[in-house]
Amino acid sequence: MVVEGAVERARPIMPYWLALLTAAAGGVALDTGFPDKDVWPVTFLGIGLVLVSLIGRRFWGALLIGLVGGFSFWGVHIFWLTLYLGPIPWLALAILQSIFFAIGAALIAVVYGRASITWPRTGIRLLMLPVVVAGLWTAREALTAVWPEGGFSWGRVVFSQSESPYASLVAWIGFSGLSFVMVWLVAFLIELARTPGVLARTRALWAAVAIVATLAVPAWYAPTEGTSRIAAVQGNTDASLFSGRAAGDVLSDQTAETLKIIDQKVDMVVWPENGSDLDPARSQLAANQLDYLSEAMNAPFIVGTITNPSENAYFNTSLLWKAGSGSVDHYDKRHPVPFAEYMPARAIFRAIVPDLVDLVTRDYSKGTTDTVFDINGVIAGISICFDITDDAVAREMMGDGAQVILAQTNNADFGKTDENLQQLAIARLRAVETGRSVVNISTVGTSAIIAPDGSTIASIAPYEAGSIIADVPLATQTSPATLLGAGIELLVSGLGLAGLLLSLTTTAARRRLN
C-alpha cells in the first residue's frame, strides 16, 4: 500500500508506461473475442488486462489508461466504418466511445484504490470489490447503449459470446447480466490472485468454483408452439450509399431471386431492409411486382423500403404487403442511426466537414408504430438493422406478443468487413435471450434463420444471391430475461454506483477522522 495523507491506496501492479501498453493490448484482445476472429475466451483476457492496468492508479492517470485501452478496442472494432465513409466518422465515433470507456475505467480505478479502506476485511473485500467493478463496467455499457442520440449499443462484451458456452445465460439474465458476470469473473480471479496469505491450492480451488459456477447454469428450455414456413431472400444487391445503381435495380435483383422459389408453398416471404428501392406506395412498377409475387406464392411479403408519407418526412420502413390489398401494415424504424440516417446539429457539423455532412441527403424520422405484424395469425416482431441491438425494442416486441423476430438489414455499406458478422452475433444472442427464432435477412449477408437456442436452422452464403426456406419454430412463453426486463441492468449498475459512492464517502470520513 502507499499512503496519501492518512488514506492507504492500493499499490500499482506495474510501472505507468507498462500499464499503458497493457491497456492497449487489452483493447486488442477484447476485439479478438468478437466476430470475425471470434476467439471468445480472449475477451476475458482483454478484460483482465484492462483491469490490472488500472489497479493503484489515481483518477487522471487511469483516465489516460482507459483512453488508450478504449481506443485500441474501438479503433479496431469499428474499422469497417472507413470502407465508404473514410477515416473521419470512424475516428469521431471511436474517440467518443473511448472517452466513455476512459471515464468508466477511471471510476473503476477509484474503487480499486480505496478498496482496503472501504472493505478492510479481506473476505468482504474479495466478495464486494469484483461486484462493484463489474457493476461499473456494466453501467458504462448500459449508458452508451442509449446515450447520446439514442446511443451506440455495440461492443458490449456480451456480444463476443454468441458461440460460447456462456451464451445460454442471456436467456436468464439478459445482455447486461452476462456482461456483468463476465467482468465479475475476471475481477474475482484478479482479486483472488492479489489477496495475500492464501495457499496456492486454495486459490486454485476458489478459481475453479467461480468458473464452474458461471458455466453450470442450465440452458433455459425455450418451449415452442408450432412452426411457420418462412422464405427469406438475399438479392446480393449493392444497395450501399454510393452504389450508383439505377432506381429499381435493387427491386429487380430481389425479384429475380424470388422468382426462383415462386412455386414453393410458404406462409410468408421476407425481404431485407431496403429490399425495394422503389416505394410501392409511389411506384406502380414496385406495387405491380409485389402484387404478382405475392399472388403467385399465395403469401404475404415483408419488404423493406423508404417511405415519404409527407413533405420532408422520411422513414426507414418495413411493409406487410398482400396481393390485391397492398400495404396492410407497416413498421417504421425506431432509432435511425445518427450521422448515417439523419444528421444531428446539421448546421454545426456542416461548417466543420461539409463534404461528409452532405452525404446524408435526408433526415429519417423516428418511428412510432408498434413493433409487430399479424401475418395470417402469426405475430412477427419486426426489427430493422441496428434495431436488433436495442434492448428496449426487443422487450417491446415481446410485450406486443411476438412469436418470431424478422430482422431485416442492409449491410452493403460495409462491404466484406466483419460488421455483418458482428450484427449476426447480436441477432443470435437476441434469439437466445427472448426464446424466439430470428430470421436475419440481409441484402448481401450474412443471412440466417436462428433457432431459439441460438443454433442455425438455415443460412445463405454471404455476398451471393440466394434464398432460404424453413419451418421456423414459434414461441409464446416469456423467457426469464424478458420477464425481468431492465431490472437486472438496473440492479447490477446500481451495485456498481453504490459501491463507488461508498468508496468515496468512506475515504472522506477516514480523512476527517485523521
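Which residues of helix 2 are buried? In this predicted model, local features need pLDDT of at least 70, side-chain atom pairs count only at pLDDT 80 or more, and totals for chains, interfaces and linings use all residues. Residues are numbered from 1 along each chain as its sequence is written, and side-chain values use heavy atoms, with hydrogens and water left out.

Helices are DSSP runs (H or I, at least four residues), numbered from the N terminus. Helix 2 spans residues 41–54, and 10 of its 14 residues are buried, meaning under 20% relative accessible area with a 1.4 Å probe, protein chains only. These are Thr 43, Phe 44, Gly 46, Ile 47, Gly 48, Val 50, Leu 51, Val 52, Ser 53 and Leu 54. They pack against helix 1 (16–32), helix 3 (59–77), helix 5 (87–118), helix 6 (122–144) and helix 7 (170–194). After helix 2 comes Gly 56, with a positive phi near 85 degrees.

A nonpolar core is a set of buried Ala, Val, Leu, Ile, Met, Phe, Trp, Tyr and Cys residues joined through side-chain atoms within 4.5 Å. The largest such core has 114 residues, and Ile 47, Leu 51, Ile 78, Trp 137 and Leu 406 have the most contacts inside it. Helix 7 gives the most to this core, with 15 residues. Contact means heavy atoms within 4.5 Å. Not counting residues up to four places away in sequence, Ile 47 touches Leu 30, Trp 137, Val 157, Met 182, Val 183 and Val 186. Another core, of 18 residues, lies apart from the largest core; among its members are Leu 251, Val 269, Ala 287 and Val 303.

Notes: Buried means under 20% relative accessible area, exposed over 50%, partly exposed in between (1.4 Å probe, protein chains only). Helices (H or I, at least four residues) and strands (E, at least two) are DSSP runs, numbered from the N terminus.
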